[in-house]
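Trainee: I have a new model open and I'd like to learn how to read it. Can we go through it feature by feature?

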Amino acid sequence: MLCSNGHDSSELDYCSICGSAMSPRASAASAAGAPAAGPAGTCPSCGEPRTDASARFCEVCRFDFRNNRPGPAPMGRSSEAPAAPSPPPAPSPVAPPVTNASAAPTDVRPSAWELVVAIDPALDVEPDPSAPCPAKAPKRVVAVDRDLLVGREDDRRDIHPDLALADPGTSRRHAKIVRSADGTLALQDLASTNGTKLNGVDVAAGSRRPIRDGDQITLGRWTRIIVRGRP
Amino acid sequence: MSFQIEAFQNRYLAPGTTTVDAILQVTATAPAAGGNAALVVGFIIDTSGSMEGERIQAAKRAVLQAIEMLDERTTFFVVAFDATASVVVRESRATAANKIHAHGALRDLKAAGGTAMSTGLAAARTLFSRTPDAIREAIFLTDGKNESEKPAVVATELARCAGVFECDCWGVGTDWQVGEVQEIARGLLGKASLIPEPSGIGQAFAAAMAHASQKAVKDVRLRLWTPQGAEIVFVKQVNPTIEDLSSKAKVVSPLVHEYFTGAWSSHEARDFHVSIRVKPGNAGDEMLAARPSIVYLEPAAGSWQEQEVKSPKARIFASWTQDETLSSRIDHHIAHYTGQGDLAQAIEQGLEARARGDDGGATALLGKAVRIAYVSANAEMTQRLAKVVDVIDPVQGTIRLKKGVEKAATMDLQLESRTTKRVARGGSSA
């Protein structure tokens, strides 16, 4: 996997050579000339990728994108615990799109989507010897040609998710990938037992969040799903 | 057996700042059922002339009691040294028959002659070298100065022993040199402690046996990946004791360094302070400054298997921001251990000042130590300090040097100066 500096990284999150975030969006933005406040598509204060262009506040540090200044104090999340769950931001339902349209990232809407489903042993922080992580299992690429139910297969209960995971940490009905009429994608957590993270941030149980090219969804004990927009 | 690793830091840096500090909390989690590690315990006992009488009798009893605690899977041996070393009990499984044999062998042990500590270490090294696949723990007991050899001889022997076995050291009485015994313990990933009276040897050895038999994994290394262009400023263990590991770094590859920490018991927890210098960034830039992991050897089907544990929570970041309210915060874990480091330094320098007759300097430094110990709620250290100084106001660090301090109290304070209080979890920046 190539990082924004062109290194062939063996890690999925941050480049194994230079340490930069492995986000194609960030790289595209910085190549196009980042605004002084920070690369487009990432928070200028903390660098967190922006998952929702219409959200007013950064999901991590609550930086106020609209007024370009630090937002209210972070709640329930501190810098000491980078992976701690964070409450979802409070996007105003009437939040207008970014006012300066020319500075906003110009998204080429991908015409097709696929999910790369990888097993990442690094996520398995409390390995269970009775159910070891199948670290050598190959990656799968799944096309998103319809709404997909993501979860653990259970023959006995006749639950056969569209994207079936052999991960004991996932719920049978764990999450849903939803296609909207305009071609965009969203991730919905189906009130799963162990939760779903989008780019390392907890998705509140049952809530729906837009997902874009390069986003990473982590769930269960070791599953990492990378979103790719196939043009 | 596995490990949990969690990093605590303030990732936000002001533009132009390049140093990233983090505390890593590493906790060993319960061992998997079955598959216990082979253990070899070696006793290295000073039998020089000064040990004669109560000390040698207590030491013999303590060794025999400790051996009684071992089960048949464990191997033990006993080495005695004065100016030269001899093998009293060669390496044997802790069976009932071998325990009886040890009783007989130890009964005839007499105290006589000088003290050359390196000979005891060298004899133990030879015996430990025969069991390269075991977890190897030594217990070293002395009561006097290392007067029959030059210090350089010990240093050379320690370099040979490092990596072969680990060693906890005890000095009985107060006629031994803290520096000499501490050098052996620190060189062999162990701790040096004081036993005031010979009657205490039994209890100390029993505790050491209990600790040794908990060891579950060996060759535990803190592995640090850092990005191209970054530089590791230092890596220190900061809890339970302060040990600078920087000089012990092993270069695995240009971006990966390893720091050796020895064998760990199940449920053992240690904290490390990692400081990294990265290339400067602009406001809005974020990078991964280090990816720590724990690498260790775990017993598996009669041999050892290397494992690596990574955790997303262990990642150390650098994130540049113009916002000074973010970048000026000091993470409370780092503040706590910086304070414990200052405490150790104030104690060590304060005792040195007192020893050379600089009462003014000693009062200032030990007063500072009293204040830090009090503020960081380090009750053990506060108690130790109170045996050496009269505390007038712990908040201000106002003290008076005590007259007629017991030598044991001073030695104990010196030995424990780098023992830290573990940082409280959670809470606000303090």
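Trainee: Let me start with a backbone detail: which residue follows α5(B), and what is the sign of its phi?

Mentor: That's L189(B), and its phi is positive, near 55°. Keep in mind as we go that this is a predicted model.

Trainee: Okay, let's stay with that helix. Which residues of α5(B) are buried?

Mentor: E180(B), V181(B), I184(B) and A185(B) are the buried ones in α5(B). Seen down the helix axis, the buried residues of α5(B) fall within an arc of 130°, so they line one face of the helix.

Trainee: And what covers the buried residues of α5(B)?

Mentor: The cover includes two helices, α3 (117-128) and α4 (151-161), along with strands β7, β8 and β9, all of chain B. You can see the strand part in the packing too: α5 (residues 178-187) lies across β7, β8 and β9 of chain B, and it runs at about 160° to β8(B).

Trainee: Those strands belong to a sheet, I guess. In what order do the six strands of that open sheet in chain B come?

Mentor: Read across, the order is β6-β5-β4-β7-β8-β9 (chain B), and the pairing is mixed. At the edges you find β6 (85-93) and β9 (192-195) of chain B, each of which pairs on one side only. From one strand to the next, the twist averages 15°.

Trainee: Let me zoom in on one pair. How many bridges join β7 to β8 in chain B, and which way do the two strands run?

Mentor: Six bridges join β7 (residues 135-142) and β8 (residues 166-172) of chain B, and the strands run parallel. If you want a landmark, E137(B) stands opposite E166(B) in β8(B).

Trainee: There's a five-strand open sheet in chain B as well. What are its strand order and pairing?

Mentor: That one goes β1-β3-β15-β11-β12 (chain B), with antiparallel pairing. β1 (2-8) and β12 (243-244) of chain B are at the edges with a single partner strand each, so one side of each has no neighbour in the sheet.

Trainee: How should I think about the side chains along a strand?

Mentor: In a regular strand, side chains alternate between the two faces of the sheet. For this sheet, try following β15 and its partners. β3 (residues 19-29) and β15 (residues 269-277) of chain B pair in the antiparallel sense over nine bridges, and I23(B) has H273(B) as its bridge partner. β11 (residues 231-239) of chain B also pairs with β15(B) in the antiparallel sense, over seven bridges. There, F234(B) stands opposite S275(B), and N239(B) is partnered by D271(B).

Trainee: Which helix lies across β1, β3, β11 and β15 of chain B?

Mentor: Helix α8 (residues 332-355) of chain B does, running at about 90° to β3(B).

Trainee: Now the interior. What should I look for there?

Mentor: In soluble globular proteins, nonpolar side chains tend to be buried together. Here, the largest nonpolar core has 116 residues, and those with the most contacts inside it are I44(B), V63(B), V78(B), V79(B) and A289(B). Helix α1 (residues 54-68) of chain B gives the most to this core, with seven residues. Another core lies apart from it, with 20 residues, among them V144(A), V201(A), I217(A) and V227(A).

Trainee: Say I click on V78(B). Which residues is it in contact with, beyond its neighbours in sequence?

Mentor: Leaving out neighbours within four places in sequence, V78(B) is in contact with F43(B), I45(B), V63(B), V88(B), V89(B), A102(B) and L106(B).

Trainee: How do I judge a single residue, then? Is L413(B) buried or exposed?

Mentor: Count C-beta neighbours: 20 or more within 10 Å makes a residue buried. L413(B) has 24 of them, so it counts as buried. L413(B) sits in helix α11 (residues 407-416) of chain B, and beyond four places in sequence it touches I347(B), L351(B), R384(B), L385(B) and V388(B).

Trainee: And where does K368(B) lie?

Mentor: K368(B) is in helix α9 (residues 359-375) of chain B. With 19 other C-beta atoms within 10 Å, K368(B) is partly exposed. Setting aside neighbours within four places, K368(B) is in contact with A346(B) and G397(B).

Note on methods
Residues are numbered from 1 along each chain as its sequence is written. Chains are lettered from A and ligands numbered from 1 in the order in which they are written. This is a predicted model: local features need pLDDT of at least 70, side-chain atom pairs count only at pLDDT 80 or more; totals for chains, interfaces and linings use all residues. A nonpolar core is a set of buried Ala, Val, Leu, Ile, Met, Phe, Trp, Tyr and Cys residues joined through C-beta atoms within 7 Å. A residue is buried if 20 or more other C-beta atoms lie within 10 Å of its own, exposed if 12 or fewer, and partly exposed in between; C-beta atoms are placed from the backbone. Helices (H or I, at least four residues) and strands (E, at least two) are DSSP runs, numbered from the N terminus. Two residues are in contact if their C-beta atoms, placed from the backbone, lie within 7 Å. Two strands pair if DSSP finds at least two bridges between them. Axes are lines fitted to C-alpha atoms, for helices over the stretch in contact, and angles run from 0 to 180 degrees between N-to-C directions. The arc is that of the directions from the helix axis to the C-beta atoms.
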